[in-house]
Amino acid sequence: MNNVTNVFEVFQLYNGDTWFLPLILAAVAWLLVRADQRNRRSALLTIGAACLIVFNDIVFRLVGAVMGTETYYRFLWMIPAIPMLAYAVVDVIVLQKTMVRKIAVVIAAVVIVAAAGVPYLEKGSFKMPGQVQYLHDEAEEICNLISADKEKEHPRVACDFSLVLSLRIQDPTIQNAITRQTYLYDDVLGLKSARRNRQHCLLTLVNGGTLDVPDKKIRKMLRRSKTDYIVIATSYDMDEQMLAVDCSVVGRTARHTIYRVE
């Protein structure tokens, strides 16, 4: 059930505090009722498969361990929620026998959809929801510096959590060198494997921490993690430490320094 709750939370994040989710669920229920026997069976099998696979904690952990838990739910954005809602409304309109009833349903549908998005209404005018993912103010400049320097089509970049989403949105060719799991749970995961140790070291570096290990091991860690660039806040004064492990300065923004791993 935790995964079901996560989906609801993500839906609310992208749609605000509105009634669109129950409205879409009502549309799905209507389409199930209206479907013929064959299509209804297929729909019920799809729902059953979703309960067994998509919203199953055991499958989530097993598949997430292979493909990364941060990408496990990305396919949910392919679900055509708005088209399903529109289709259900049109279906209800088509069922009406007279033009008067059709017009009445259209008016009712407009009122219901408008009421569902009440938080987006302001002073009598429809207010479009703003950008959900606000880009870091230096994301574009950092991505431009990396793009001008990179030799690989998809460079792996390590940075702190405040930058990671913005860099990927600004430049989708960038790959994250640090996993989402590490950002969120590094302090409780422990160092049970070489990969976990590398992830911990990378996070320590981008957060301005000092690694109590020889420079030779840090170089080996960077090579094994396949990290191409490291972005660190300039205020941490990491130049000496990073240059000592064979990293070079690609450029600086107002608050960050970009290092290339040689």
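Just after helix α11, K226 takes a positive phi of about 60°. This value, like the others in this report, comes from a predicted model.

**Helix α11 and its two sides**

Helix α11 comprises residues 215–224, and within this helix I218, M221 and L222 are buried. These three residues cover an arc of only 95° around the axis, which puts them on the same side of α11. On the other side of α11 lie K216, K217 and R223, which are exposed.

What do the buried residues of α11 pack against? Their partners are helix α10 (194–206) together with the strands β5 (229–233), β6 (247–252) and β7 (256–261).

**Two helix pairs**

Two packed helices are described by the angle between their axes and the distance between the axes. The table gives these values for two pairs.

| Helix pair | Angle between axes | Distance between axes |
|---|---|---|
| α2 (residues 20–34) and α5 (residues 81–95) | about 55° | 9 Å |
| α10 and α11 | about 105° | 10 Å |

The helices α10 and α11 pack at an angle of about 105°. Angles of 65 to 115 degrees count as roughly perpendicular, and α10 and α11 are therefore roughly perpendicular to each other. The contact is made by R198, C201, L202 and L205 on the α10 side, and by M221, L222 and R224 on the α11 side. Two of these α11 residues, M221 and L222, have already been named as buried.

For α2 and α5 the angle is about 55°. This value lies in none of the ranges for roughly parallel, roughly antiparallel or roughly perpendicular, and α2 and α5 are therefore oblique to each other. In addition, α2 passes α5 in a left-handed crossing. From α2, the residues in contact are L23, I24, A27, V28, W30, L31 and R34. They meet A81, M84, L85, Y87, A88, D91, V92 and L95 in α5.

**Cysteines**

How many disulfides does the model contain? The count comes to zero. A disulfide would require a pair of cysteine sulfur atoms within 2.5 Å. For C159, the nearest cysteine sulfur is that of C143, 9.1 Å away, and C159 is in no disulfide.

Is C159 buried or exposed? Residues under 20% relative accessible area are classed as buried, and C159, at 2% relative accessibility, therefore counts as buried. C247 is also buried, with a relative accessible area of 3%.

Notes
Residues are numbered from 1 along each chain as its sequence is written. This is a predicted model: local features need pLDDT of at least 70, side-chain atom pairs count only at pLDDT 80 or more; totals for chains, interfaces and linings use all residues. Side-chain values use heavy atoms; hydrogens and water are left out. Buried means under 20% relative accessible area, exposed over 50%, partly exposed in between (1.4 Å probe, protein chains only). Helices (H or I, at least four residues) and strands (E, at least two) are DSSP runs, numbered from the N terminus. The arc is that of the directions from the helix axis to the C-beta atoms. Contact means heavy atoms within 4.5 Å. Axes are lines fitted to C-alpha atoms, for helices over the stretch in contact, and angles run from 0 to 180 degrees between N-to-C directions. Angles under 35 degrees count as roughly parallel, over 145 as roughly antiparallel, 65 to 115 as roughly perpendicular and the rest as oblique. A crossing is left-handed if the near helix is turned anticlockwise from the far one by less than a right angle, and right-handed if clockwise.
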